[in-house]
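Me: I'm new to reading protein structures, and I'd like a close look at one part of this one. Could you walk me through it step by step?

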Amino acid sequence: MLNLVIIFIIVTCINSVRSDCPCPDISLCAPLQTEPRHEKVAFMVSDSNWRSYDYSQLTTIVICTNDIDPQLLCLAHSRQVRLVWIANYDVKQLSNSTARTEWVNRQVDNVKRTYTDGVNLDMEDEIPYTSDAAHKYTELVQELSNLIHVEVPGSMVRIFRYLRYCIQN
Ligand SMILES: *[C@@H]1O[C@H](CO)[C@@H](O)[C@H](O)[C@H]1NC(C)=O
C-alpha cells in the first residue's frame, strides 16, 4: 500500500513537471543534445526581437534579460539552439563556500525550472592570475559544472573573462 502511494506521488510529480512545459511538443523542454560543434553565440539583451533571429546561424543564445518568453524556448530548441543564462558572482564572496553553494543551487534550479541549457558566467571584477580568488573562482566553476551536468544532462557552462574557455558536457 505504501509502495502504491509512493508510486502515485512520483507519477503525479512527473506529470506536473511535464504539464509545465510551454511547448506543444514536450520533447522541446528537454535540454538540447548535440554533437560538439563550432559555437556561434548571440547575447540577447532585449526580449522584443528574438522571433527575427536567424537561428540557422546560431548555436547558443545567452539570455541577458530577467526572464524569457516561453515560446523562445520552443523555437530555439526546435532549431537546435541552446539557451543559457548570464550569471554573475560577487568576487568578494568567492571564499565563502556557503554563498558559493547557494549560488550554484540557484543557477541549477533556474536552468531546470525554465528548461534551458546552462549558464554563462560573466564576472565583471578582475581576478589576479594565481591569486587565492582565482583558485576559488576555479572551484566555483567546478562546483557549478559538476552539479549542472548531473542535474541537466547535456547542459553547458560557458566562461568569459580571465579564463577564456568553454566546457561542454
Ligand atoms: C557567506 O554567505 C552566507 C550565505 O549567503 C552569508 O549569510 C554570510 O553572511 C556570508 N559570510 C560572510 C563572511 O560574508
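Me: Let's begin at the ligand: how far is an oxygen atom of the ligand from an N or O atom in the side chain of Asn96? Please go on from there to helix H3 and what surrounds it.

Reply: Happy to! Keep in mind that this is a predicted model. The distance you ask about is 2.4 Å, between an oxygen atom of the ligand and an N or O atom in the side chain of Asn96. Asn96 has company, since the residues around the ligand are Gln93, Asn96, Ala99 and Glu102. For Gln93, an N or O atom of the side chain lies 3.2 Å from a ligand oxygen. For Glu102, the side chain also has an N or O atom at 3.2 Å from an oxygen atom of the ligand. On its own the ligand would expose 360 Å², and the protein buries 37% of that.

Now stay with Asn96 and step towards the helix. At the start of H3, a side-chain oxygen of Asn96 comes to within 3.1 Å of the backbone nitrogen of Thr98. So the side chain of Asn96 has a part in two places: beside the ligand and at the start of H3.

Next to look at is Ser95, in the loop between E3 and H3. Ser95 counts as exposed because its relative accessible area is 52%, and the cut-off for exposed is over 50%. Leaving out residues up to four places away in sequence, Ser95 touches Arg100 and Lys136. Lys136 is 41 residues from Ser95 along the chain, and yet their C-alpha atoms are separated by 6.0 Å.

Then comes the helix itself. H3 runs over residues 97-113. With 17 residues at 1.5 Å each, H3 should span 24 Å, and its end C-alpha atoms are indeed 24 Å apart, so the two values agree. Which residues of H3 are buried? They are Ala99, Arg100, Trp103, Val104, Gln107, Val108, Asn110 and Val111. Because these residues cover an arc of only 165° around the axis, they sit on the same side of H3. What do the buried residues of H3 pack against? Their partners are strand E3 (82-87), E4 and helix H4 (132-151). Two names from earlier return here: Ala99, one of the residues around the ligand, is buried in H3, and so is Arg100, which Ser95 touches.

At the other end, follow the chain into the loop between H3 and strand E4 (118-121), where you will find Thr114. Thr114 is buried, because its relative accessible area of 11% is under the 20% cut-off. The side chain of Thr114 reaches the backbone oxygen of Asn110 at 2.7 Å. Thr114 also touches Leu73 and Trp85, not counting residues up to four places away in sequence. Tyr115 follows H3 too, and its phi is positive, near 60°.

Finally, step back to see the whole chain. The protein chain has four helices and six strands, and along the sequence they follow the pattern α-β-β-α-β-α-β-α-β-β. Of its 169 residues, 40% count as buried. Among contacts with a separation of 6 or more, 57% are between residues 24 or more positions apart. The pair Ser95 and Lys136, 41 residues apart and touching, gives you one such contact to find in the picture.

Methods: Residues are numbered from 1 along each chain as its sequence is written. This is a predicted model: local features need pLDDT of at least 70, side-chain atom pairs count only at pLDDT 80 or more; totals for chains, interfaces and linings use all residues. Side-chain values use heavy atoms; hydrogens and water are left out. Buried means under 20% relative accessible area, exposed over 50%, partly exposed in between (1.4 Å probe, protein chains only). A polar contact is a pair of N or O atoms within 3.5 Å; within protein, one must be able to donate a hydrogen and the other to accept it, and residues adjacent in sequence count only if both atoms are side-chain atoms. Contact means heavy atoms within 4.5 Å. The expected span of a helix is 1.5 Å times one less than its number of residues. The arc is that of the directions from the helix axis to the C-beta atoms. A residue is near a molecule or strand if one of its heavy atoms lies within 4 Å of it. Accessible areas come from the Shrake-Rupley method with a 1.4 Å probe; for residues, only the protein chains shown count as cover.
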